[in-house]
Structure formats: C-alpha cells, structure tokens
Amino acid sequence: MKSLKALIDKQVPAHSLSQEFYLDEAVYRHDLDKIFMVEWLYVCHRSQVAEAGDCYAYDIADESVMVVRDEDLQLHAFANVCRHRGSRICTAGQSSHKRLVCPYHAWTYGLNGELLSARQMGDKFDKCKFGLKVLQLQEFCGFIFISFAANPSSFDLLKKGLHASLKVFDLANTKVACHEVHSTHANWKLVLENFNECYHCGPAHKEFSASHSLMLDKEKQRVFDELISKRAPAAGISAEPVGFSLVDERAQTHAPYYYDRYALFKGYQTGSEDGRPVAPLLGEVEAYDGGASNVALGNLTYLLIYADHVVLYRFTPRSVKLTDAELIWFVRSDADLDKDVDIERMTWLWNVTTIADKDIIERNQKGVQSRFYQPGPYSPMETYTVDFIKWYLHKLSK
Amino acid sequence: MKSLKALIDKQVPAHSLSQEFYLDEAVYRHDLDKIFMVEWLYVCHRSQVAEAGDCYAYDIADESVMVVRDEDLQLHAFANVCRHRGSRICTAGQSSHKRLVCPYHAWTYGLNGELLSARQMGDKFDKCKFGLKVLQLQEFCGFIFISFAANPSSFDLLKKGLHASLKVFDLANTKVACHEVHSTHANWKLVLENFNECYHCGPAHKEFSASHSLMLDKEKQRVFDELISKRAPAAGISAEPVGFSLVDERAQTHAPYYYDRYALFKGYQTGSEDGRPVAPLLGEVEAYDGGASNVALGNLTYLLIYADHVVLYRFTPRSVKLTDAELIWFVRSDADLDKDVDIERMTWLWNVTTIADKDIIERNQKGVQSRFYQPGPYSPMETYTVDFIKWYLHKLSK
Amino acid sequence: MKSLKALIDKQVPAHSLSQEFYLDEAVYRHDLDKIFMVEWLYVCHRSQVAEAGDCYAYDIADESVMVVRDEDLQLHAFANVCRHRGSRICTAGQSSHKRLVCPYHAWTYGLNGELLSARQMGDKFDKCKFGLKVLQLQEFCGFIFISFAANPSSFDLLKKGLHASLKVFDLANTKVACHEVHSTHANWKLVLENFNECYHCGPAHKEFSASHSLMLDKEKQRVFDELISKRAPAAGISAEPVGFSLVDERAQTHAPYYYDRYALFKGYQTGSEDGRPVAPLLGEVEAYDGGASNVALGNLTYLLIYADHVVLYRFTPRSVKLTDAELIWFVRSDADLDKDVDIERMTWLWNVTTIADKDIIERNQKGVQSRFYQPGPYSPMETYTVDFIKWYLHKLSK
C-alpha cells in the first residue's frame, strides 16, 4: 500500500502524527486490520462469566465476540455471528444460556460452539460444518482477553513477569463495582495518546494532580518514588517496576506489560477526593500505603491499582472519529457493595478526569483537522506516547 | 462493471449474499439504478387521490413522485422536481391543489403537468419546454403504482391473473384505516429477505405463530391447506393459488404476482389477538373463513388479506443501511372508522411483528458487517428468499 | 482536475448548476480550497474585541480562526491550532485572556502569537519556531475580516468606494444586539443562490413583501426608487448606488462591494412588522427615510441597513449538505438594549424570513438530488444569482 507507506515515511520522529492518521477512513481500516484484529483485547472478568452457560459479548468496530463458559467450566471465545445468515446471537454485555440460540431462526449451538440443531435444513445439511468460529482466548488474574487473529502474540512473558507483582491484590477474586462509558468524538489514537502521558495532568486535571505524584516531572517525582519504595513493601505491595515497553524487541512476539507503583501525596490513602478509603483492602494487602500501581496488560489494556480498588481502562474504536473510553472499577469479591464500598466516592476521580479528557481530546481532534495543523514535538514528559506512536507506525507498516 | 460482476459470480447458490451487498455504497447505487428506478412501486390508493386536484407524493431514496388527479379525473405521475431550479413542489403525503405551484418561485403547473405560468421569465422563454417530467403509472384494484423507468414491465398478466381471486374483496372500494412506518437500520435486502420467509416466524413471532398456519413447515401445513380449501369457497373466497414467481421466465417482461390463501388456527376469524373480527367483512365476502391471502403485486409490494381487512407492506430504502418498513391497513370504504373498526386490535399483530422484525433485521445487519460473517445456506423453508436473492442477482447483473 | 473541468464546461450559462455541484464531496473540498480558504470572511465586530486580551474565535468547515487584540490594541488573526499537538486553543465565540493558553498542555502564547512558554520541552527546544500561524486581517467600519490565504484580494477599492455611503451610519460605533443561527440542511451555494435573488420574495416571504419594494420587478420598482432618491438624502443618507459586481474585472484582484438603497412601502419607517422604529437612529442619520440599504462587503458578507439597525448575514459551510445561515443585528453602541431597543420587534422580520428560507432551500436541496433534476433557466429577476454562479464557476476553474 504505497500511499500509506509514503505517509509513514514522512513522519518526523517524536512528533505527533500527520492529519491523515486521525481522519482518513482508509487509514482507520488499516488500524482495525493491523491493530485491533491482531492484538489481545480485554473482554470481561471471570466474575462476569463465573457459571456454566454465562456469556459476555463485547462489540468493537464492526465485530463482536462472545466469551462463554461451558458445562465443564472451560472458557471459549466465539465470533458472535450465526453461521446461517449472520445474525448476532448475543447482545453486548452479560447473559446466561443453556444453549446459544440465534434469535432469528433458532439455530442452536452448544456452549462449546458446536451447532446442535438447525430446524428444517434438509437431509444434505451437515451440522458439523457450521460450528461457531473460534477465537483465541487468554485469562490472567481473572481478566479475560481475546484476539481475532489466528496467531496472536504470546502471553507467557506477561504472565510470568507480572505474577509476583500482582499476587498480593488477588485480582482473580475481585468483582465489578461500577462501569462507565465515555463516548469521545475523536480518533482512537488521540485517546490513547492522551492516556499515555501525564504532561497534561497539571493543566487539565486539578483533581488528579491534587493527589497523584505522577503529575510531576521525573525530577520532582524522585523524592516520592523514595517514599513509596518504603511504604509499599511495608503494606505487602511491590514497588519494584517490571516489564518491557511496546517498542522493546520482545514485544514483536510477546504481549508487553509493565507494573510500576508511585506515591499519592500526603494524606491520600487511595484515589478518593478526601484521600480516605472507599472499599476494603484488596487481597492480602496489609495496609494503605498511599500508592497506586500503573499496569499494562498487553498493548491496549491498563489497570490502576490502589490499595482498595482497581480501575481498568479500555478504549474501543466505534468509527474513525468516535472512540469509547470505558472505566471499570473492581473491588474484592467478598465486599458488600452496599455496606463496604462507597461507589460514589470511588468513581468520582476517574469520572471527572475522563470527562475532562473527553473535552480536551475532542478539541485535539478538531484542531488536527485544520489545514494549519502541523505535527509538533512531544515533550520528554510524553515518552509513553512517543513509544505508542512508534509502535503504531511499526504495526501499520507491516 | 467488473468488480460487481466478480461479486455476483462468486455468490454460492441458495446462500445469503456476501457482505459487500449489504454495506457497500456502490452496490447500493446499483440497487437503486437497477431495481428501484425500474420496478413498479406502490404510491397510494385511489381513495387517497379521489377528487380532481388531489395529489399524493411518495419519497424514495433521493427521488420523489407526485400522483395527481386532473380535472378530467385522469391520474398522472410526475417527478416532484420543479423545472426552474429543482425544488420539490409537494411535500410527501396527501395534499390538494387547484394548480401545482412550486413554493419557491411560484412556477405554476396544471394538474396535467403543463407549465401554465412562470413570472418574469422574459420574452424568449418557452413554457412548452418546461412541463413536469412524466412517469409511468398503473392502477389495479385501486392500488396505484409508478415506475421511474420509461419502459417498465407489463402489468397485463398481473391484472388478468389476479382479477378473479381479488374480485370478492372489492379492493378498489377500500380506504386507509391506519399507517405505520418502522425505520429499520439495515440494508433493504435484509428487510426483504426477512419478509419473504417464515422460517423465523416460530422463533421470533410468537404472536403471529399463535394464529397463522404459515409458520408451519410444508408438511404440517398440508392439513390446514385442506381445511381452508373448503372454508374459503364457502365464504365466497378463492383458495386457489395463482401467479408466477419473480424468477419465472415471464417475469423478465411482466410484473410477477401471486395469490395464495392459508388457514388461521382454530378460533381465529381474522388477524387479531383474540381472533375476533376487527372490521366489517370486505366487499362481497360472505363469512369469516378463518383464512388469510398472501398477495404479491409485482416485485416489491405485498398484501395480506383477511376477511375483514387488508395489510399492505411497502419497503422504502432511505440509505444503504436504512430502510423504512411501512404497514398500511385498509378496510371497506363505507366502514365507519369510529364505530365499525377497532383500529387498535386490527393493528396490534403487525405492529408487534414488525417491531420484532426490526430488531432481528438490525441484528442481522450488525452480524453481516463482521469479517467473520460467511454466507450461509438457506433452509427449504426460505424458498421465497432464495428466489428473491436469485432475482436480485439477475437484475443486478444486467 | 479533469472531471471538475468537464462539469464546469457542460454548464449552460444562466442556468442552475448541475447536480454534482450540490452533492459531491470532491466538489465541496474544491469549494473550500478555492473559495472559503481564499476569500475574506467576516469574523466579528470590533465591539466584540474592544479590550486588550479580547479574543473572538470563528469556526468554518474544519478550520477555526482567533481574532485577538494585543496589549498595544493591535488586532491579530491566528489559526486556532496549538503548535504542540494541534488542540484548539479557544472555543468559538468571545473570550478574554491575559495569554493564549492551550487547555491541553498549557503551551502559552502571547497576544501577538509568540510562544512564551512550553513546560518541560527539553534544552533543544526553540520557542521561536513555534509561534501561532498568522492569518491576514482587515477591518472596515468596525467589521473584522480574515483570510486563510497568504495573498487575498485587496480591500482598498472597497474601503474607498464605500466610505462616503456608510459614514453617516457610523458602523464602527455599533454593537451586537442579537445573534441567531439557522442551520440549513443544504449545500452552501443553494443558500447563497437564495440570498442573492428576490424572485422568490413574493411567493415565499409575505412578511418581507408587505414592506420592502425590493420584492417588485425592476419596472415596478422604478417609482419607489424615485421616492427614496428624495427621502434618503433628506435624512442624510445616500441613495446613490456604488460598487462593482463579483464578475467585474476588478473583482479579480479586489474585494467587490456594493451599496444601494431602496424604499420601504408606505408607512414603514424600518424593517418591523408595523413599520415603527425599533431602536435609536444610527450614527448621524437625521430621520427615518423609510429605506433600506443593501451592502456587499466582499463576496460572502452582506449588510442590510435600516435607519435604526443593521442586519449582517453570514453563511458558513459545515459540510457538503449543511450550511449555517447567521443573522447578526447591530444597533448604535450607546443604545440601552433594555430601554431603547425592542429586540423582539427588531428580529421578527429576518427570523421569520430566514426560517421560511431554510424550508425552501432544504426543498431545493432535496429536489436537485433527484435524477430527474435538470438545471433550469434563471429569471431576469435572478441576475445577482446568475452573477454568483458565474463567479463561482470562474473561481472553481482556476
């Protein structure tokens, strides 16, 4: 594809992308083909498909996937497309079934995806040829991922590399406490560029910046890094950064990951407005260390782990200029959501922050559409975004 | 057009269409050119344009047609486009006029389409050259059809073939009792595929299936066919199937048609929830025979005739992924809509059924957009849909 | 661009445009490139950017411009695009700033457009290279225009030519009394074609036609022209037509303009429903002359000046089939909007007229989309529209 190659070649390193990457339908289709149809995508948590017959359907762009637990409690991922005339079988979100029955003509699939019955199809019809299309699936710490690709990257390094850091939080035994979607009228890359840097936190997020040392530049962060390197282990939490970046050589064949803990400012035990707890301590965590862990699970899924709750961030393209930013809050599974968890206080910070981000990202989209837009240089505080862009261009050029 | 030909050639017989036919803008433009701009389209009933000066405008895709009755009570069909600067002259639906006056600059046309006056056009202006563009028109049993083509297929066989079957219902002397539009976010072909088969009736339409033997497979229907073959004639209604399919050789030059009567289940006199009448018997019908006639008037217009009312189905493409499904209910013209007709009970069945269809058709559209969609085999219960697809591909390949 | 040339060549003189000009995305992009990115565009009035730090941002298609007054009270026009990652800096409309601070990462520009500070950009970063992009700006009678082109046409002839006619109204010392936007689902050219002719006034605007002699044909207008040629000078107002058309040779290098005063019908002192005044007399105007002046300021901005208020018309394309028609009412700057101005009566006429225009223009758009649309001949009463089309085709063919 020559013109795409030309676009990639003219890109100045460590500068924002040229206009076409944010507007062009053809580029968007390449983004889907080379990124979203290849990478691991977070679908749901094991607590959402706990029982035999439980199903969780997740829609992305024009695709839809069903994650289903069968009678043997095995998980499967299927394309949510009936083999008869293509109807969606399940609606997005959670549902529960004895069989997967297409609502159109009642073709009936087993929980393992086999076509069990199709009424009135005549003698020559061979059911065996019409099972649901199977997709790749991985589970880690209760988080369930799928890939639309036949041979996605390996999850081995990620699983090994994050095991020790995440163990104390017992994430497999958490549950969803709340779920919000912020539809953002912008290309998905502007949303990810925004998510991957905290250069904008100071100007744009006074709520976040009041409590999270991440908003500081590297130099000023150092003193807080020293604080957390003591406080976290005292609470049983690792403060040791691990992982490799999406531009690391290993990321060519393995899903990248990272774990890093940073300090909240004085007086903040967790990510609430007043700093006070919002839920019971996670897993085996012994105390509020006043910290937060940034975690990447592959290229497109991120966690922020406080001592008492987790926020998962998922970014779902809907069209070239529309992206859903989703926030999913998890607490320990035995917490009573009515008595033990203050959902309003727990969700406050990331709702206000994401609403502010929606606004600045949409302004960014409008701006890059101008003929006066010229890709500008990223700041040293935007290195993750620089890596993201580098990775993106590399993926696209394949 | 090579790529369209390639698409058509790779189509597997008796399988649903490949994805492009449901999504592609270029295919949609061909659909308009080769189907909707050629076939006979139902516009309105004679009762809606009964008097001199009555006009009915019908919009489809980017086109609009006016059916107008002139002072000699002749009907005309005109393109609803002023010859000055192109403005629409009449708004969609019914209206009444002494002259057809464009609301923009008051160019004034006679009811026969001649330009009568155009203010201030100078001396050289020749009114005779600016009459409204005339379209082909046919009336049958009071139903008025137009074609945007200069030489549409002949209506002769249809008129002769259906005359005897429809006479008893005296459809020319009916009137509109109700009119509903269900905007469906799907390609028009998915809407027609749905309409043309009752394989989905069992799973998707419990209300319809409670009363209509059409939901049964051929074998189980046989006993009900025997019942109606006695009950219908006893009420003066034909139970004799007539007509030819849209894939019949005759359909190359003549508008196809069919008439067929089938039984309602025991206790149902008409298509109401409780089976009891909803309006006075149509025409010369002598009794409730507990039956319903499926009628096709050309390729795109369908009737369902109960003993006491008629439902007309019209499908109007609005864009590649948007189609209006319209339902129009008719009762005998001398019925008092307030006293003799129970509109709520009359419209109940086909409103619930069409709302359910909207949902499954929209799921179908979403599904066929997936890259995991693969055209699947139709059931023997979907033969009309198979014919529809065959006809469609034939038309498109011309 | 061959196919565009072919389209232009097949255009019949003094006939409406062929369909493609009103529908086609590629033509629309040419319209933006060759018209809106080149011509002078009205942004705001000096009263809206009176103080140092005042800013007015105007959005058009995918572009946005900021007009800013600096500490030395000089006006500047900048592309509203941050040089970092392209975010819009100011929101559309009026605002006030000490510095122009991008809300995303706080890059901070002086009121003269220089980049003053950009946090954390490293040592090699050269601020001087990242000033805001400067656009051309002109002010005339307090009306501020910008051009996105480097070398737009000259404003000299316009300034000289209109000075004497407009002086009495003291337009620089007016202020905005009201502002309405009528979003019209039609191509911008259909909106301008409508604005540029009064052939439709009789049929479509009974309110306007009750009071404005412009609705008459040339011959009938003559007697009213004689009336105003006496009444206007008696009130200190010029009734002398001046200017040159957009198809005049001079318009190749200079912004065209015109000024012409015409009579209101008997009993009308200004453009109100009952003809009575709605605001204090403008500038040095001595009496109600029962007249109105049509003024063109360049190719795309128009004024209608009554004795006591001014209406400015701006037309902003939003997409190929969507155009905003804006009305901005001005009164003398020392008028008390609560006591001296009757805003409801002042805005009545042009709101009802523009709402009616929206309807007929949208009907026009629907009509030209039909395959039965054929460009028709303009009337001698549509000469300004004929000129507009001629100018448009000339611009597009360059």
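**Reading the interfaces of a predicted model**

Me: How many salt bridges are counted between domain 1 of chain A and domain 2 of chain A?

Reply: The count there is 0 salt bridges. Keep in mind that this is a predicted model. A salt bridge needs a side-chain nitrogen of Lys or Arg within 4 Å of a carboxyl oxygen of Asp or Glu. Polar contacts are a separate tally: 8 residue pairs, both partners at pLDDT 80 or more, are found across this domain interface.

Me: Which strands supply at least two residues each to the side of domain 1 of chain A that touches domain 2 of chain A?

Reply: In chain A, strand S1 (41-45) and S2 each do so. Sorted by class, that side of domain 1 has 7 nonpolar, 4 polar and 2 charged residues.

Me: Where do the two domains of chain A lie, and how much area do they bury?

Reply: Start with the bounds, then go to the area. The assignment for chain A places domain 1 at 41-138 and domain 2 at 154-397. Their contact draws 13 residues from domain 1 and 18 residues from domain 2. Between them they bury about 1100 Å², with 56% of it on carbon and sulfur atoms. From domain 1, A:Tyr42, A:His45 and A:Gln138 contribute 46% of the area buried against domain 2, more than any other three residues.

Me: Let me zoom in on one residue. Is A:Tyr56 buried or exposed?

Reply: Compare the relative accessible area with the cut-off. A:Tyr56 counts as buried because its value is 8%, and the limit is under 20%. This tyrosine is found in strand S2 (residues 54-60) of chain A. Beyond its neighbours within four places in sequence, A:Tyr56 contacts residues including A:Val43, A:Met66, A:His179 and A:Arg314.

Me: Now the two chains. How many salt bridges does the rule find between chain B and chain A?

Reply: Apply the rule used for the domains, this time across the chains. Here it finds 5 salt bridges. In one salt bridge, the side chains of B:Arg371 and A:Asp33 meet at 2.7 Å, N to O. There are also 19 residue pairs in polar contact, both at pLDDT 80 or more. On the chain B side, H9(B) gives the largest share, 6 residues. By class, that side has 12 nonpolar, 10 polar and 7 charged residues.

Me: How much area is buried between chain B and chain A?

Reply: About 2600 Å², of which carbon and sulfur atoms give 50%. On chain B, 29% of the area buried against chain A comes from B:Tyr199, B:Arg363 and B:Phe372, more than from any other three residues. In residues, the contact takes 29 from chain B and 31 from chain A.

Conventions: Residues are numbered from 1 along each chain as its sequence is written. Chains are lettered from A and ligands numbered from 1 in the order in which they are written. This is a predicted model: local features need pLDDT of at least 70, side-chain atom pairs count only at pLDDT 80 or more; totals for chains, interfaces and linings use all residues. Side-chain values use heavy atoms; hydrogens and water are left out. Helices (H or I, at least four residues) and strands (E, at least two) are DSSP runs, numbered from the N terminus. Buried means under 20% relative accessible area, exposed over 50%, partly exposed in between (1.4 Å probe, protein chains only). Contact means heavy atoms within 4.5 Å. Buried area is the accessible area (1.4 Å probe) that two parts lose on being put together, summed over both. A polar contact is a pair of N or O atoms within 3.5 Å; within protein, one must be able to donate a hydrogen and the other to accept it, and residues adjacent in sequence count only if both atoms are side-chain atoms. Ala, Val, Leu, Ile, Met, Phe, Trp, Tyr, Cys and Pro count as nonpolar, Asp, Glu, Lys and Arg as charged, and the others, Gly among them, as polar. Domain bounds come from an automatic or database domain assignment.
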